[in-house]
Amino acid sequence: MKLYIKYMVSLRCKMLVKEELTKLGLGYTALNLGMVETMEEITLEKRIQLKKNLLKSGLELLDDKKSILIEKIKNVIIEMIHHTDEIPKTNYSGYLSEKLGYDYTYLSNTFSEVKGITIQHYIIMHKIERVKELLLYDELNLVEIAYKLHYSSPAHLSNQFKKITGLTPSYYKKLKAKRTQNLENL
């Protein structure tokens, strides 16, 4: 049986879900971001208890098909941007359609209807968050970051970064250095 869990976006979340499943004596065959596949059907009583326990940790067991599809879209995007270095061979719309088995227009319309933003905007926001992480790690320069995140050029990345954050990537990096300096002076 597959269960879909909202807000399950990190390894910490996976550990919380694993712990709750163990407490309830539920075995599973797969535990991925946003999804758990249990070995057997879950009784209504255990499902309700799991839902309550997950809510205490800020996670939500999903029931309706649209919410489940939205979580699948979000998890594919998060996995693609934050947890893999592999660049999709196709554009993002083709990649999502292929991964989820739905026409991109359907995915896009459903996502916009439920979330109030486009899939493209959601991808951009996550890409900018990833750029922030990479800038703070200070291991890659802007050209390497632009290539890694599939930007057409460092200028395109910089323009998008400034549009979303209000700062240039170099200024953002300087702020990190200032924060570090201030902490060292304490």
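Buried residues account for 37% of the 186 residues in the chain, a value that refers, like those that follow, to a predicted model. The mean pLDDT of the chain is 88, with 92% of its residues at 70 or more. Among the elements of the chain, helix H8 (residues 154-165) has the highest mean pLDDT, 95, whereas helix H9 (residues 169-184) has the lowest, 73. The C-alpha trace extends over about 55 × 50 × 30 Å along its principal axes.

The chain contains 9 helices and 4 strands, and from the N terminus on these elements follow the order β-α-β-β-α-β-α-α-α-α-α-α-α. The 4 strands belong to an open sheet with the order S2-S3-S1-S4, in which the pairing is antiparallel. Strands S2 (28-32) and S4 (60-61) occupy the edges of this sheet, and because each has a single partner strand, one side of each remains without a neighbour in the sheet.

The pairings within the sheet can be described strand by strand. Strand S1 (residues 2-6) is joined to strand S3 (residues 35-38) in the antiparallel sense through 3 bridges; Leu-3 has Val-36 of S3 as its bridge partner, and Tyr-4 has Met-35 of S3. S1 also pairs with S4, again in the antiparallel sense, over 2 bridges, and here the bridge partner of Ile-5 is Leu-61 in S4. In a regular strand the side chains alternate between the two faces of the sheet. The pairing of S2 with S3, likewise antiparallel, comprises 4 bridges, and within it Tyr-28 is matched with Thr-38 of S3. S2 and S3 together form a hairpin with 2 residues between them, and in the turn Gly-34 adopts a positive phi of about 80°.

Positive phi values also occur at residues that are not glycines. Tyr-7, which is not a glycine, has a positive phi of about 75°; this residue is located in the loop between S1 and H1. With a relative accessible area of 42%, Tyr-7 falls into the partly exposed class, because that class lies between the limits of 20% and 50%. His-150, also not a glycine, has a positive phi of about 65° and is placed in the loop between helix H7 (142-148) and H8. The relative accessibility of His-150 is 40%, so this residue likewise counts as partly exposed.

Among the helices, H3 (residues 65-82) was examined for its length and its burial. At 1.5 Å a residue, the 18 residues of H3 should span 26 Å, and the separation of 25 Å between its end C-alpha atoms therefore agrees with the expected value. H3 is mostly covered, since 13 of its 18 residues are buried. An α-helix has 3.6 residues a turn, so residues three or four places apart point the same way. In helix H4, Tyr-95 has a relative accessible area of 16% and is therefore buried, the cut-off for this class being under 20%. The C-alpha atom of Tyr-95 is separated by 9.6 Å from that of Ile-77, although the two residues are 18 residues apart along the chain.

The largest pocket of the model encloses about 400 Å³ of space and is lined by 19 residues, of which Asn-32, Leu-33, Asn-75, Val-76 and Glu-79 lie nearest its centre. The elements that contribute two or more residues to this lining are S1, helix H1 (11-23), H3 and helix H4 (92-100). H3 supplies the largest share of the lining, with 5 residues. By class, the lining of the largest pocket consists of 8 nonpolar, 5 polar and 6 charged residues.

Taken together, the model combines an open antiparallel sheet of 4 strands with 9 helices. H3, in which 13 of 18 residues are buried, also gives the largest share of the lining of the largest pocket.

Methods. Residues are numbered from 1 along each chain as its sequence is written. Side-chain values use heavy atoms; hydrogens and water are left out. Two strands pair if DSSP finds at least two bridges between them. The expected span of a helix is 1.5 Å times one less than its number of residues. Buried means under 20% relative accessible area, exposed over 50%, partly exposed in between (1.4 Å probe, protein chains only). pLDDT is the predictor's confidence in each residue, from 0 to 100. On a 1 Å grid over the protein atoms alone, a cavity is a set of points where a 1.4 Å probe fits but cannot get out, and a pocket is an open set with protein on both sides within 12 Å along at least five of seven lines; lining residues have an atom within 4 Å of a point. Grid points are joined across faces, edges and corners, and a volume is the space filled by probe spheres set on the points. Ala, Val, Leu, Ile, Met, Phe, Trp, Tyr, Cys and Pro count as nonpolar, Asp, Glu, Lys and Arg as charged, and the others, Gly among them, as polar.
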